[in-house]
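Biologist: I'd like to learn how to read cysteines and strands in a model. Could you walk me through it?

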Amino acid sequence: MRKSKFKNKDSEIFFYQGPLSFDRITALLVDFEKIIKCYPVEKVRIKRLFSTAVEILENMQMHGVKYTEPLYPYFRVLYNNNLFCIESGNLMATSEVKFLQHNIDFLNQNFPSLTDVIKGNLLNRELSQKGGAGLGLYIVRRNSQGDIIYKSEMFDQNLSIFIIQVYI
Amino acid sequence: MKPLIIEETNATPQIIFDINNKKFEIKGCSRPENVRQFFLPVVEWLEEVYLNVDQYKEQFTEKPAVFTFKLSYFNSASAKFILDILLLINRIHRNGLLCSIDWHYEEGDEDMLDVGKELAEMVDFDFRYIQVASR
């Protein structure tokens, strides 16, 4: 499941592949924060990296299908030329892939003019049954330097591997 | 009215809402495992103040009840509840209990400042923005 635009293996600074639970994500974030603080980057970028990691990991935990080894979700971070790449991949129902792609395309095409839509959602929409505000990908797009890059591959008839990459 | 005190953890903020000691503060990182369960007591506490504003407003005629937000980070699910809390503070204020909101952000964290400004606009309430030294 590991793919990236970065060619140099040495630029990987963080990698996790395995089951995701709330406690696991909390522990990963503690480690992740320690690592990114070792790099000479501005405060705001450290916050954006942390925020992006939270939203991506929580989204995978909330929306990914139940997985087993060796198809656990993965999360990794690469660093090259003062630029971080956060990449994640997880299994999801193939039937939901188009909806997710449509959402990401909409965010990429309409950012940053979405502020009012997001404000409207926050003011008028209830949280989902799973406790999400439906804003995770918007936050990810807002934190990133460009579009959210994505790719999906059919795993079998029902499942697809969905990979996203953002640069911060 | 009993104070609401919630201890800080790695994933949840410290919350102190104590009307007798005039202290109202939310501080730390917010990404609770169950966001509804975490914030419900906070919303309920504020609703009780709102419903009994006449009982408390005399305590805040000279100085407002200052609600201090010292959030280092909050996730998108928490944002919904932080907005609800701010809306309730505004309702309490409009109902006669003088309130103000102090929004703290770390030096260099302009995103937290911008989010504060966006929330202020959404709830139609002027915040005081306080820059603190970076940790």
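Modeller: Let's start with a cysteine: C85(A) counts as buried because its relative accessibility is 0%. Buried means under 20% relative accessible area, exposed over 50% and partly exposed in between, with a 1.4 Å probe and protein chains only. Keep in mind that this is a predicted model: local features need pLDDT of at least 70, side-chain atom pairs count only at pLDDT 80 or more, and totals for chains, interfaces and linings use all residues. Residues are numbered from 1 along each chain as its sequence is written, chains are lettered from A and ligands numbered from 1 in the order in which they are written, and side-chain values use heavy atoms, leaving out hydrogens and water.

Biologist: How many disulfides are there over all chains?

Modeller: A disulfide is a pair of cysteine sulfur atoms within 2.5 Å, and by this rule the count over all chains is zero. For C85(A), the nearest cysteine sulfur belongs to C38(A), 19 Å away.

Biologist: Why is C29(B) not bonded to C38(A)?

Modeller: The closest cysteine sulfur to that of C29(B) is in C38(A), and at 19 Å that is too far for a bond. C29(B) is buried too, because its relative accessibility is 11%.

Biologist: And the strands? Which strands does β3(B) pair with?

Modeller: Strands (E, at least two residues) are DSSP runs numbered from the N terminus, and two of them pair if DSSP finds at least two bridges between them. β3(B), residues 23-30, pairs with β2(B), residues 14-18, in the antiparallel sense over five bridges. I15(B) stands opposite I26(B) there. β3(B) also runs parallel to β4(B), residues 65-74, with seven bridges, and G28(B) faces L71(B).

Biologist: Is β3(B) mostly covered or uncovered?

Modeller: Mostly covered: six of its eight residues are buried.

How values were computed: Helix = DSSP H or I, 4+ residues; strand = E, 2+ residues; numbered from the N terminus.
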